[in-house]
Every structure is written in C-alpha cells, then in structure tokens.
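Here are my notes on this model, set out as numbered points. Please read them with the structure open.

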Amino acid sequence: MNPRTIQKLRRKFILIATSTYFFVMVFIGGCINISNYCLARTQIYKILDLLVEYNGVVPEGKSKDYLNDFSPEFTHSARYFTVTYARNGDVDITSTSHTSEVSDDEAEDYAQKALRRGRQYGRMDSYYYEVSTTDDGQIVVFLNCLTQITQNRKIMHMTILICLAGLVITVILVNIFSGHVVQPEIENMRRQKQFITNAGHELKTPLAVIRANTEVEEMINGENEWTQSTMRQVDRLDRLVQNLIMISRADENEDRSTLTIVDISKTVGDMIESCRETADREQKTLVVHLQPGIHALADETRIRQLVSILTDNALKYCDDKGTVSICLDTVRHGRLLRLVISNSFADGKDVDYSRFFDRFYREDESHTQDSEKGGYGIGLSIAESICCQYRGSIDVSWKNGVISFTCLLHLIKGPAAV
C-alpha cells in the first residue's frame, strides 16, 4: 500500500462517513417535519369538522371538551369564515364575523373555487377549508392557518440549518480523526519501504559473492550447464532486487528543488530511438508522432524511466509483426502533457485491465519466468507512481485489437519553457 492508496482510502472513509451522517439526518429531519405536518393537519381538520358540525359557530362550552388539545382561547383567537349554500345552489349565508381579512364577496369567491375543486378538504393560500353537504344544502368553512403554516416552515428551515451545520462539523471531525486512523498504516508502509531497501542492499553482497565464485569456477573448470543455470538465477535475483528497491523509491515525493528544464520532446525521442533496433530485430513497426518544443520542469531520469517502461511493455506484448505507436503532445491549452503508447494486441478482448497497475500482477497466473515475456509485474505500477508524482494519471484501454496506455502529466513550466 502506497501513500496515494492510503489517501484514497482516507477520502473514501470520509465520504462514506459523511454520506451516512447526511442520509441519517435527512431521514430524521424528514420524519420530524412529516410528523409535525401530519399532526398540524390532523388538528386543523378536527377544527374544521367542529366548525362544520356547528354551522360555522363554535359553542364555547362544548368546544372546550372537544378541543382539549388546543388553547382554551381558541374560540376567541381562531379566524375563520363560512359560506352556506341553499339547495338550489344560491348563497344563503356568508359569515365573516370571525375574520377581518376577507369581505363577503371575497369569501364567496373562495367558496366557489373550493366547490369547483370537488374535494372535501383542501388549501387555498393560508386557508384550509372543508366542504360538507347538509340537509339544507352545502356549507364551506375556511380556517386561517397562517400560524401553523409559518411554524411548519420555521421547523423545516431550522432542520435544514441544523443538518448543514452538523454536516460541516462531521466533515471536520471525520477528517481529523481519519488522519489518526490511517497514521498506523502510513508508519507501517514506511517501515516496509525501509525493510525492502535494507534487504535489497543486504542481498547484493551474497549475490556478488555467488557470481564471483561461479565465475572462478568457470575459469578453472570451464562453463557447464550448472554454472550457466547459476548465473541465470543470479541475474534474475539481481534484477528482482533492483526492481524492489526501485518500487520502494517510486512512491517518494519528488524534490522540486532538483528539477530542471527538460526538453520533453527530445528526451522521449531519444528513448524511442534506443528501442528502434529492438523493434527492427523483432520485425515490429514503430510509428512515432512527437510534438516538438515541449519544455517543462521535470526529472529527466523519471521521464526516461516512464517512456522506457511503457515502450518496453509495448514491444514485449505486441503481436508478431505488429505496430507500436508513440504519440506525444499537449492538451488543455498546454497545461497537460499527453503520452500515448499503443501496440497491436489481438487477444486483449477478455483481459482484466483494471488490475494492470497492481504490483506484481501478471496475466500469466502461473508466474513462471521461463517465457520470453516473463516479468515481475511492477513496471506499470512504477509508471503509475511516476505519473502521480506529476499530479497526473495513467489509463489503459483496448479497442479494435489495439491496447493503449495514456499518460496525462501536469506540466510545470519554468522560465525557459514559457
């Protein structure tokens, strides 16, 4: 596990924890607001039923028992009006004595709209209403519920503000605590890297002794299949040790003070030319498209290493007599360097490309080193680390028999690069 992987896990942990809190708070806040709304509406309908029962007039003595959930001052504080219709549909009585907000004509307009809706209960502006059929015709009762509506809105706004404030606090706290959670992993990773580096240096000495002893044996008794096998294994172990040390250093942050202005176009071109002899020997075609004059602050060694890994990989896995294509240019108004290295790969349809950048992963599950294409499965991982050091990315894709590795690197321009 490298630092970027740990940071990704940390960000994922923060996202999951924050999302969980958000959905829980939305659920709780929603339940509170819905419950409050349903309770208020139930109380409003109870009042409307009472008003309808007494034809728009609440007898003070009877309302006290019937509305024991409400204030004793209800009969004096409630604002309502009624419109009564005769059997022939004409307005019989319009009562607006318990409100000063509407006139008789306005009350009748409200009542007509309620009747056209054809529903028993409803709402218009700040009024809730009930339509009821009586023996003498119909009665429409309107109750001013501005206080309840305003209260419900205030509760909803307070719930939203509390949820947002809690979300901000949660993000801050989870971000702080997550740093302490991942600290043991960071320390463990540091120790692993130190162990790999130390072990690699320690292994170099016995390997050098084995190589020297084998060479002496060959000088005395001549080469044979046993000494050749020993030398091959020594070479293999030596490459493995070098790769282990390289991969332990690949995650180290680049020291910006050591960067220099590099002609990226020339560096990539030189690396490709060094591979042309191999391509010709293996009868593979190199197609090169390089945008000239790309300069940036960079570590030339790392750029060469990136190109070398991807080019060697393309040549190694390219189909017989296939084509390897290298394209270098800039995108997003010169802010990003794009390097695309492709090769013919007819059998790549069912390959799991999502694991290509996993360390020590190879498509050959047997992990044998006998084949010509044998490797240790860490080259692409190192390439990914180099891209991340330049705040970039590397992706792999396959289409129409061609596999492509696309690198995007943020260009750090210096005085000579402007």
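1. Does R119 count as buried, partly exposed or exposed, and at what relative accessibility? The model is predicted, so keep that in mind for every value below. R119 counts as partly exposed, because its relative accessibility is 45%, and the partly exposed class runs between 20% and 50%. The residue is found in the loop between α4 (104-117) and β3 (121-124).

2. R119 does not carry its charge alone. K113, R116, R117 and R119 form a positive surface patch. Membership of a patch needs over 30% relative accessible area, and R119 has 45%.

3. Now the opposite sign. Which residues gather in a patch of negative charge on the surface? They are D90, D92, D135 and D136. D136 sits in the loop between β4 and β5. Its relative accessible area is 61%, so D136 is classed as exposed; the cut-off for that class is over 50%.

4. There is also a nonpolar patch on the surface. V168, I169, I172, L173, I176 and F177 make it, and its area is about 570 Å². Take L173 as one of these residues. L173 belongs to helix α5 (residues 146-221). With a relative accessible area of 40%, L173 is partly exposed.

5. Next, the aromatic side chains. How many aromatic pairs does a search of the whole structure find? The search finds nine. Among them is the pair of Y129 and F142, with 5.5 Å from centre to centre and 40 degrees between the planes. That pair is tilted, because the tilted class covers angles that are neither under 30 degrees nor over 60.

6. Where do the two partners sit? Y129 lies in strand β4 (residues 127-133) and F142 in strand β5 (residues 138-144), so the pair ties together parts that are 13 residues apart in sequence. Y129 counts as buried, at 0% relative accessibility. F142 is buried too, with a relative accessible area of 0%.

7. The Y129 and F142 rings also belong to a cluster. F81, Y110, Y127, Y129 and F142 form one aromatic cluster.

8. Last, a contact across the sequence. L336 and L408 are 72 residues apart along the chain, yet their C-alpha atoms are separated by 6.2 Å. L336 is found in strand β10 (residues 336-344). Is L336 buried or exposed? L336 is buried, because its relative accessible area is 4% and buried means under 20%.

Definitions and conventions
Residues are numbered from 1 along each chain as its sequence is written. This is a predicted model: local features need pLDDT of at least 70, side-chain atom pairs count only at pLDDT 80 or more; totals for chains, interfaces and linings use all residues. Side-chain values use heavy atoms; hydrogens and water are left out. Patches are made of residues with over 30% relative accessible area and no salt bridge: like charges are joined within 9 Å, nonpolar side chains (Val, Leu, Ile, Met, Phe, Trp, Tyr) within 5 Å. Accessible areas come from the Shrake-Rupley method with a 1.4 Å probe; for residues, only the protein chains shown count as cover. A salt bridge is a side-chain nitrogen of Lys or Arg within 4 Å of a carboxyl oxygen of Asp or Glu. Lys and Arg count as positive and Asp and Glu as negative; His and the chain ends are not counted. The place of a charge is taken as NZ of Lys, CZ of Arg, CG of Asp or CD of Glu. Helices (H or I, at least four residues) and strands (E, at least two) are DSSP runs, numbered from the N terminus. Buried means under 20% relative accessible area, exposed over 50%, partly exposed in between (1.4 Å probe, protein chains only). Rings of Phe, Tyr and Trp (its six-membered ring) pair if their centres lie within 6.5 Å; planes under 30 degrees apart count as stacked, over 60 as edge-to-face and the rest as tilted.
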